[in-house]
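Thanks for asking me to look this one over. Here are my notes, point by point, to read alongside the model.

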There are 2 protein chains.
Amino acid sequence: MEERSKTEKKIINAATELFLEKGKDGARMQEIADRAGINKALLHYYFRSKTKLHEVVFSNELKTFFNGVLGTFKENEDFQTFVKSVVHHYIDNISKHPKLTQFILWEIEKGGENLSKIILQTMKENNFQSNQILDKIQNEISAHRIRKIDPPNLMVSLIGMCLFPFIAKPIIERIIPGINVTSAKFLHRRKEEIFHLVWNGIKPTPE
Amino acid sequence: MEERSKTEKKIINAATELFLEKGKDGARMQEIADRAGINKALLHYYFRSKTKLHEVVFSNELKTFFNGVLGTFKENEDFQTFVKSVVHHYIDNISKHPKLTQFILWEIEKGGENLSKIILQTMKENNFQSNQILDKIQNEISAHRIRKIDPPNLMVSLIGMCLFPFIAKPIIERIIPGINVTSAKFLHRRKEEIFHLVWNGIKPTPE
DNA sequence: GTCTATATCATGATAGAC
DNA sequence: GTCTATCATGATATAGAC
């Protein structure tokens with residue numbers, strides 16, 4: 001991480017808030033300058049273009065998030081603990097960065113290339129490989145400790161169930177009145193529900 | 001549905017393509033006019049504003065999709081069949097309208113209000129109520145035909161697992177090389193996997 | 001490094017002839 | 001109903017003084 005002047009930091013803070021709130025297109029350079037207490041010209045002096053500024057902000061936020069998700073996995077956990085960890089870490093970390101979901105969606109819409117790069121890089125920094133997880137699942141199957149399932153599908157299902165409430169929050173809450181899918185209470189229950197659904201769903205059927 | 005002139009239809013077709021491809025902000029009125037073989041002024045003559053045109057296109061597409069999802073549910077299915085139906089109808093219909101996922105994401109980002117209205121209206125037209133599903137799940141629990149689970153969480157999980165591959169496609173396919181989450185082969189398997197995971201996950205545990 | 005003022009550009013919308 | 005030409009706006013980006 002390079003040294004950053006005081007002004008640079010002010011700009012990044014202001015830009016982070018506004019990009020998270022309104023997205024790249026929605027946020028205006030004028031607004032960012034105002035909130036940072038400087039003028040538009042300085043934004044370009046420091047970051048050359050809006051796109052460049054957006055990239056810096058975006059990449060910072062995502063790295064923090066994914067490091068939070070990946071940094072806490074333990075080696076040699078038993079598989080049941082592993083499943084529970086995935087669910088808890090994902091949901092806890094996304095709760096800490098609520099606006100990040102929209103950020104991620106915006107990136108996906110633009111093709112997801114930058115996002116993928118950051119994820120892959122973060123995985124590398126944490127000595128994490130997607131194959132490693134798939135192999136772990138495959139091992140459990142071979143040892144008959146879980147049912148014969150498709151490993152990639154399990155991964156997609158797990159992460160999908162964790163993230164979906166945050167993605168679809170505005171819809172879900174209008175379709176099922178009275179629910180708040182990001183409340184501590186709902187999320188606490190959700191973690192339990194996902195874990196039990198998955199664990200019961202994959203454990204070997206008694207003969 | 002009102003009568004539409006030939007020109008109006010050409011506009012709607014062109015606009016649908018471009019909005020699906022580039023979103024409301026990405027699509028340009030000039031492009032739409034060009035593709036429809038007319039000029040910009042006519043767009044405003046027929047639809048007054050870009051926002052209005054977008055609403056018309058958007059609402060048409062979504063109604064078609066959700067009618068496809070909801071229109072095929074049967075009354076009085078047993079619960080196992082019901083779960084299977086939800087999974088199959090969701091995935092089959094979203095496969096038929098692949099670009100619609102982005103469309104939905106764009107709407108969610110804008111607050112999801114329009115989208116919710118359309119969903120609720122379509123549910124009404126198909127005599128469908130979200131409570132009805134929640135009650136159905138609750139009944140199964142009371143009759144001890146499934147485990148004691150949280151009904152809203154089950155709904156969110158089911159739909160989340162179906163939609164997530166389409167939402168996160170660009171990311172998943174870069175993280176797990178060699179996979180194609182919208183290929184017929186993967187989706188066929190996915191339907192099976194989701195159903196079995198959920199059914200095993202909720203069926204009563206043998207004493 | 002920081003500012004004011006301005007260039008430049010893209011786009012949605014409209015006026016008015018036919 | 002359809003077109004050409006033009007306006008109005010809002011944004012990024014830059015020039016140049018201090």
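**Notes on the protein and its two DNA strands**

1. Helix 3 of chain A gives the largest share of the surface near DNA strand C, with 4 residues. Helices here are DSSP runs of H or I with at least four residues, strands are runs of E with at least two, and both are numbered from the N terminus. A residue is near a strand if one of its heavy atoms lies within 4 Å of it. Helix 3 of chain A and helix 3 of chain B each supply at least two residues of this surface.

2. A word on the ground rules before you go further. This is a predicted model, in which local features need pLDDT of at least 70 and side-chain atom pairs count only at pLDDT 80 or more, while totals for chains, interfaces and linings use all residues. Residues are numbered from 1 along each chain as its sequence is written, chains are lettered from A and ligands numbered from 1 in the order in which they are written, and side-chain values use heavy atoms, with hydrogens and water left out.

3. Which residues come nearest to DNA strand C? Of the 15 residues around DNA strand C, they are Asn39(A), Tyr46(A), Arg28(B), His44(B) and Lys50(B). Of the atoms of DNA strand C that come within 4 Å of the protein, sugar and phosphate account for 67%.

4. Chain B supplies several polar contacts here, a polar contact being a pair of N or O atoms within 3.5 Å; within protein, one must be able to donate a hydrogen and the other to accept it, and residues adjacent in sequence count only if both atoms are side-chain atoms. A polar side-chain atom of Lys50(B) lies 2.5 Å from a phosphate oxygen of DNA strand C. For the side chain of Arg28(B), an N or O atom is 2.6 Å from a phosphate oxygen of that strand, and for His44(B) the corresponding distance is 3.0 Å.

5. Now please turn to DNA strand D. There, 14 residues surround the strand, and Arg28(A), Lys40(A), Lys50(A), Asn39(B) and Tyr46(B) come nearest. Of the atoms of DNA strand D within 4 Å of the protein, 62% belong to sugar or phosphate and the rest to bases.

6. What does Lys40(A) reach on DNA strand D? One of its polar side-chain atoms lies 3.4 Å from a base nitrogen. Lys50(A) instead has a polar side-chain atom 2.8 Å from a phosphate oxygen of DNA strand D, and Met29(A) places a backbone N or O atom 3.3 Å from a phosphate oxygen of the strand. Two elements give two or more residues to the surface near DNA strand D: helix 3 (40-47) of chain A and helix 3 (40-47) of chain B. Helix 3 of chain B gives the most, with 4 residues.

7. The two protein chains also meet each other. The contact, meaning heavy atoms within 4.5 Å, takes 50 residues from chain A and 50 residues from chain B. About 4500 Å² is buried between them, with 68% from carbon and sulfur atoms; buried area is the accessible area (1.4 Å probe) that two parts lose on being put together, summed over both. Glu109(A), Phe164(A) and Leu197(A) supply 14% of the area that chain A buries against chain B, more than any other three residues.

8. Finally, chain A as a whole. Its secondary structure comes to 10 helices and 0 strands, and its C-alpha atoms fill a box of roughly 70 × 45 × 25 Å along the principal axes.
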